[in-house]
Number of protein chains: 2
Amino acid sequence: MTRIFSSEWRNRKQIECYDPFPVHTLKRVSRPTTAINDHLVRRWDQREHGFSRAGRGDFGPFVAKEQPRFVQKHPLSGSLVTMLGKLAYLVDEEQRLWDGPFANNGAIPPMRPTAATKAPGTDDPHSMARHIKETAYFLRSDAVGICELPPYAVYSHSAYDGKPVDLQHKYAIAILIDQDWRSAKAFNGHDWISNSMSFLSYSTSGFIACVLADYIRSLGYSARAHHGRNYQVVVPPILLWAGLGEMSRIGDIVLNPFLGPRFKAAIVTTDLPLAVDKPIDFGLQDFCDKCKKCARECPSKAISDGGKVIHNGYEKWPIDVEKCSSFRVGNQKGAGCGTCIKVCPWNKPYTSFHRMVNWTMRKVPLARNLAIWGDDLMGYGKPDPTAKWWLDLEDVNGVLRVPDNTNERYR
Amino acid sequence: MTRIFSSEWRNRKQIECYDPFPVHTLKRVSRPTTAINDHLVRRWDQREHGFSRAGRGDFGPFVAKEQPRFVQKHPLSGSLVTMLGKLAYLVDEEQRLWDGPFANNGAIPPMRPTAATKAPGTDDPHSMARHIKETAYFLRSDAVGICELPPYAVYSHSAYDGKPVDLQHKYAIAILIDQDWRSAKAFNGHDWISNSMSFLSYSTSGFIACVLADYIRSLGYSARAHHGRNYQVVVPPILLWAGLGEMSRIGDIVLNPFLGPRFKAAIVTTDLPLAVDKPIDFGLQDFCDKCKKCARECPSKAISDGGKVIHNGYEKWPIDVEKCSSFRVGNQKGAGCGTCIKVCPWNKPYTSFHRMVNWTMRKVPLARNLAIWGDDLMGYGKPDPTAKWWLDLEDVNGVLRVPDNTNERYR
């Protein structure tokens, strides 16, 4: 359905706009709306990610025990992460022989290598930026942006093999995939579908990124896909510079004006010369300053209702990584948690009514208090059981069973 | 975007309708609208497929020479078929060590096996049929249908290893993916994007089918994904019985009332007990009898403008497989061919206007002549160069170059 509806939009805008969302209505700015002290940001060691720390016991033995099963324990997120594990071998042209949880038993046939000769007509950065975006939309991406790859967005070390990361690509293409509105409407934020929503977006964006990177290599330029099982890059700064969102109160989460926080991203890094997008300003700093609904509803109290801080050179709202990761990994009455996504007033379907509210929230600062007040009044953020479609199941020692308990909220 | 818009529809229909298209408005019938003499249909040897025959020289040495490169010669369809080749290893829980064009260099880590224990709550065929469809839509399918797997829809022999096919699953779930309306609007039917459109749908539906089959196995039921690089089943009879379309004048092509012929399908076969859909009747036999636009525009003259015949037990319009396959494989001024898809009056975007025309074509027989006449009058079927987004490139001996010639049409 993607292309059908986006074409309906495109029919009106033709050449000027090939994005499915009206990104041309966004205010562009020279730098992200939250300060990044480029020279102060240290490269991040992927082994310091919350889930890595959870796995090695930094948050206690219970969370460490749960970490290897917290995605796999529901059968659907289990299937999606299994597929994502396969896509880990397809990010570039290398043969991979990893150890660990995503071990390959032998040599995987790789994707295609970088062609020896650059394809004709690929040397104009503006036309190629447009072409790459249109290709990503053809491949059914929901949103796409391009930036120069900030050196500080490259991990210092990989969590998968512990080795230093050496990634010299100049550009980054970010591909966003919606976590599914209907599920977002139905779930309460931390019942049994949350991880499946995340891994739907991780695996689908990863699939697209692997194809797109192969395509760019076939044009004669080095390219690598980065996705939920094989990132060599930190995603949030790339999304900021690529104009796909602003930093939100939900800790390190970049919020997209049309998808809200309801997405995951895959990245393709490349040497293909590309014109870059500019960061956007849709008033989110003011909005998140006022709203605080995610902080109020967070079941682990990991989200702050206070002001922004400077952390590793980034201006951002603080997040308690231990509380957030421990709750998601250790959730015994559900699989993962996305309550912040659930309750965010920007998590809405793209209907005529919500398009109008969305425009108003972006353009009219005084309307934001009304939108925040109205969001609670209209009952948004509550689960809609009529839209529930998934099975509450939990793998316990290799056998699926109906869980003893499910988190409830607003019932 | 899929889910956003489909939800908009769902908001209105809630529980009764979880399909993104209004399939509940379709007339259901007990048998497909074209006769299938079930006891007369022989199982088909996959090696007798047009592309297999093209490869082994049945259509002459030139077509045989072109067969191994005709998808790979454009860089984007090359990337998509490369990915589809990887998905060939992920259709079930088996380790695959094939020879031939999709050879694996070693053992591929398989998807998950069938769980030893059936998951609780999975024994009601009606609720599971609904759940499986909703899961497939969650995974971003465009249309889904379920039928019992007709024994004659299983290939007798595989084209990949030449071995007899033994597939005992009782049910088939069909997953349709749109070939992209914008590209369909832009291309002329046999320029350089046609194969990419096919393989977008093959690879995306294959990706979803591999995840869905893994999920069903995790629930404790045998399941296998079948896609463009690993079919063990013949697709058209499954689509007919699953209520996803009627046989069309375009030879063996089943036409969906909402996507037209602009899709490819992957299939999941399984032993999970499922309530099945019924075949549909939206007047296509009358429509195709009158329209004949595909026959008129087919560049290889493979499509008949005459009446239906009985072939291998199926009532269908005849197709000249040699002409069709030879043109697609041998096309020197483009990559593949989908002119029949391009010019079909059912190949339309899902806009308000076209929804109305679509409803009228389905429900009002007398309006069909008007629709057919109006389709030509409005210029549908002509390429729209303002929507063109792809690069005309051709791999010649490992180097991409701008093709010397491109097929033109209506210019």
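The following legends describe close-up views of a predicted model.

**View 1. A nonpolar surface patch on chain A.**
Leu370(A), Trp373(A), Leu377(A) and Met378(A) together make a nonpolar patch of about 510 Å² on the surface. One member of the patch, Leu377(A), belongs to helix H14 of chain A, which spans residues 367-377. Leu377(A) has a relative accessible area of 58% and is therefore classed as exposed, the cut-off for that class being over 50%.

**View 2. Strand E3 of chain A, covered on both faces.**
In a regular strand, side chains alternate between the two faces of the sheet. In strand E3 of chain A (residues 223-226), Ala223(A) and Ala225(A) lie on one side, with Arg224(A) and His226(A) on the other. Both faces are covered, and these four residues are all buried. Strand E3(A) pairs with strand E6 of chain A (residues 263-270) in the antiparallel sense, over 4 bridges. Within this pairing, Arg224(A) has Thr269(A) of E6(A) as its bridge partner.

**View 3. The largest cavity and its lining.**
The model contains 5 cavities of 30 Å³ or more. The largest cavity holds about 120 Å³ of space. Its lining comprises 17 residues; those nearest the centre are Val23(A), Arg28(A), Val144(A), Gly243(A) and Leu244(A). Helix H5 (125-138) and strand E1 (143-148) of chain A each supply at least two residues of the lining of the largest cavity. Strand E1(A) gives the most, with 3 residues.

**View 4. Salt bridges of Arg56 in chains A and B.**
Side chains of opposite charge can pair when their charged atoms come close. Over all chains, the structure holds 60 salt bridges. In chain A, the side chains of Arg56(A) and Glu48(A) form a salt bridge with an N to O distance of 3.1 Å. Arg56(A) is partly exposed, at 43% relative accessible area, and Glu48(A) is partly exposed as well, at 33%. In chain B, the side chain of Arg56(B) meets that of Asp58(B) in a salt bridge of 3.7 Å, N to O. Asp58(B) has a relative accessible area of 36% and is partly exposed; Arg56(B), at 43%, also counts as partly exposed.

**View 5. The salt bridge between Asp376(B) and Lys293(B), with a network in chain A.**
The side chains of Asp376(B) and Lys293(B) meet in a salt bridge of 2.9 Å, N to O. Asp376(B) lies in helix H14 (residues 367-377) of chain B and Lys293(B) in helix H10 (residues 293-297) of chain B, so the pair ties together parts that are 83 residues apart in sequence. Asp376(B) counts as partly exposed, at 33% relative accessibility, whereas Lys293(B) is buried, with a relative accessible area of 2%. In chain A, salt bridges with shared partners join Lys293(A), Arg296(A), Glu297(A), Lys348(A), Asp375(A) and Asp376(A) into one network.

**View 6. Strand E1 of chain B and its antiparallel partner.**
Strand E1 of chain B covers residues 143-148 and is mostly covered, as 5 of its 6 residues are buried. Strands E1(B) and E2(B) (residues 171-178) run antiparallel and are joined by 6 bridges. In this pairing, Cys147(B) stands opposite Ala172(B) of E2(B).

**View 7. Two loop residues with positive phi.**
Most residues other than glycine have a negative phi. Asn397(A), which is not a glycine, has a positive phi near 55 degrees. Asn397(A) is located in the loop between strand E9 (394-396) and strand E10 (399-401) of chain A. With a relative accessible area of 78%, Asn397(A) is exposed. Asp180(B), likewise not a glycine, has a positive phi of about 95 degrees. The loop that contains Asp180(B) lies between E2 and helix H6 (181-186) of chain B. Asp180(B) is buried, with a relative accessible area of 1%. The two loop residues thus fall into opposite classes of accessibility, Asn397(A) being exposed and Asp180(B) buried.

Technical notes. Residues numbered from 1 in each chain as written. Chains lettered and ligands numbered in written order. Predicted model: local features only at pLDDT ≥ 70, side-chain atom pairs only at ≥ 80, totals over all residues. Heavy atoms only, no water. Patch = residues over 30% accessible without salt bridge, like charges linked within 9 Å, V, L, I, M, F, W, Y side chains within 5 Å. Areas by Shrake-Rupley, 256 points an atom, 1.4 Å probe, with all protein chains shown as cover. Salt bridge = Lys/Arg side-chain N within 4 Å of Asp/Glu carboxyl O. Buried < 20%, exposed > 50% of the residue type's maximum accessible area, 1.4 Å probe, protein only. Pairing = 2+ DSSP bridges. 1 Å grid on protein atoms, 1.4 Å probe; cavity = no way out; pocket = protein on both sides within 12 Å on 5 of 7 lines; lining within 4 Å. Points joined across faces, edges and corners; volume = space filled by probe spheres on them.
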